Amino acid sequence: MNEDQHDTYRRGRERFLEIHDEKALRTVEGLGDLGRHIVEFVYGELYTKPALTDRDRELGAVVALTALGRSSQLPQHLRASLKAGLTPEQLREAIMLTATIAGFPPAMNAMSTLKSVLADRDRPAAQEGLPEE
């Protein structure tokens, strides 16, 4: 990796962690060269451009993943959307709108995924196996 690639990867890694979490980064980095390209290009290049906010990017990701039926990546982007400031109601509306173009089956799957993400987010720490305070 040359110096420019190293800087882009470092910048992408930092940006990735602003959007997602360590667990997600480990998963992506575990993909080897593919993961490196994702971190460098998506997060080191695209996610550092100023034209869109993280909220805008995540809304676009949720809509695209819903339309394409990419359920394995959807939970991570739903969590990132909430972190970026989208509300559950806004995410529901985006999924409903996507159904008008992409169809009801992928929207049904996305709505179910959103319900699970929200339930996980709202679950008390004691139910997650963490000690109570």
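Rings of Phe, Tyr and Trp (its six-membered ring) are said to pair if their centres lie within 6.5 Å, and the pair counts as stacked when the planes are under 30 degrees apart, as edge-to-face when they are over 60 degrees apart, and as tilted for the rest. By this rule, F16, Y43 and Y47 are linked by ring pairs into a cluster, and this cluster is a good place to begin. The model is a predicted one, in which local features need pLDDT of at least 70 and side-chain atom pairs count only at pLDDT 80 or more, while totals for chains, interfaces and linings use all residues. Residues are numbered from 1 along each chain as its sequence is written, and side-chain values use heavy atoms, with hydrogens and water left out.

A pair of aromatic rings is described by the distance of the centres and the angle of the planes. The structure holds 2 aromatic pairs. In one of them F16 and Y43 stand edge-to-face, with 4.7 Å from centre to centre and 65° between the planes. This pair links distant parts of the chain, since F16 belongs to helix α1 and Y43 to helix α3 (residues 33-43), 27 residues apart; helices here are DSSP runs of H or I with at least four residues, strands are runs of E with at least two, and both are numbered from the N terminus. Y43 also pairs with Y47, and here the rings are tilted, at 4.5 Å centre to centre and 40° between the planes.

Are the residues of this cluster buried or exposed? A residue is called buried when its relative accessible area is under 20%, exposed when it is over 50%, and partly exposed in between, using a 1.4 Å probe and protein chains only. F16 counts as buried because its relative accessibility is 2%, Y43 is buried at 4%, and Y47 is buried at 8%. Y47 has a charged partner as well, for R57 lies over the face of Y47 at 5.3 Å from the ring centre; such a charge must have NZ of Lys or CZ of Arg within 6 Å of the ring centre and within 35 degrees of the ring normal.

From here the path leads to R15, which lies in helix α1 (residues 3-19). With a relative accessible area of 12%, R15 is buried. Leaving aside neighbours within four places in sequence, R15 is in contact (heavy atoms within 4.5 Å) with Y43, Y47, T48, D54 and R57. The side chain of R15 also reaches the backbone oxygen of Y47 at 2.7 Å.

Side chains of opposite charge can pair when their charged atoms come close. A salt bridge is defined as a side-chain nitrogen of Lys or Arg within 4 Å of a carboxyl oxygen of Asp or Glu, and a search of the whole structure finds 10 of them. One joins the side chains of D54 and R15, at 2.2 Å from N to O, and it links distant parts of the chain, with D54 in helix α4 and R15 in helix α1, 39 residues apart. D54 counts as partly exposed because its relative accessibility is 24%. R15, E18, D54 and R57 are linked in a network of salt bridges.

Other salt bridges include the one in which the side chains of D120 and R123 meet at 3.0 Å, N to O. Here D120 is partly exposed, with a relative accessible area of 37%, and R123 is partly exposed at 33%. In another, the side chains of D122 and R121 meet at 3.3 Å, N to O; D122 is exposed, with a relative accessible area of 53%, whereas R121 counts as partly exposed at 45%.

The last topic is the nonpolar core, meaning a set of buried Ala, Val, Leu, Ile, Met, Phe, Trp, Tyr and Cys residues joined through side-chain atoms within 4.5 Å. Of the 14 residues in the largest such core, those touching the most other members are V62, L74, L78, L82, L91, I95 and L114. Two or more residues of this core come from each of α4 (54-68), α5 (74-83), α6 (88-102) and α7 (104-122), and α7 gives the most, with 5 residues. A second, separate core has 10 residues, among them F16, A24, V28 and Y47, so the text returns to F16 and Y47, both buried, at 2% and 8%.

Key:
A polar contact is a pair of N or O atoms within 3.5 Å; within protein, one must be able to donate a hydrogen and the other to accept it, and residues adjacent in sequence count only if both atoms are side-chain atoms.
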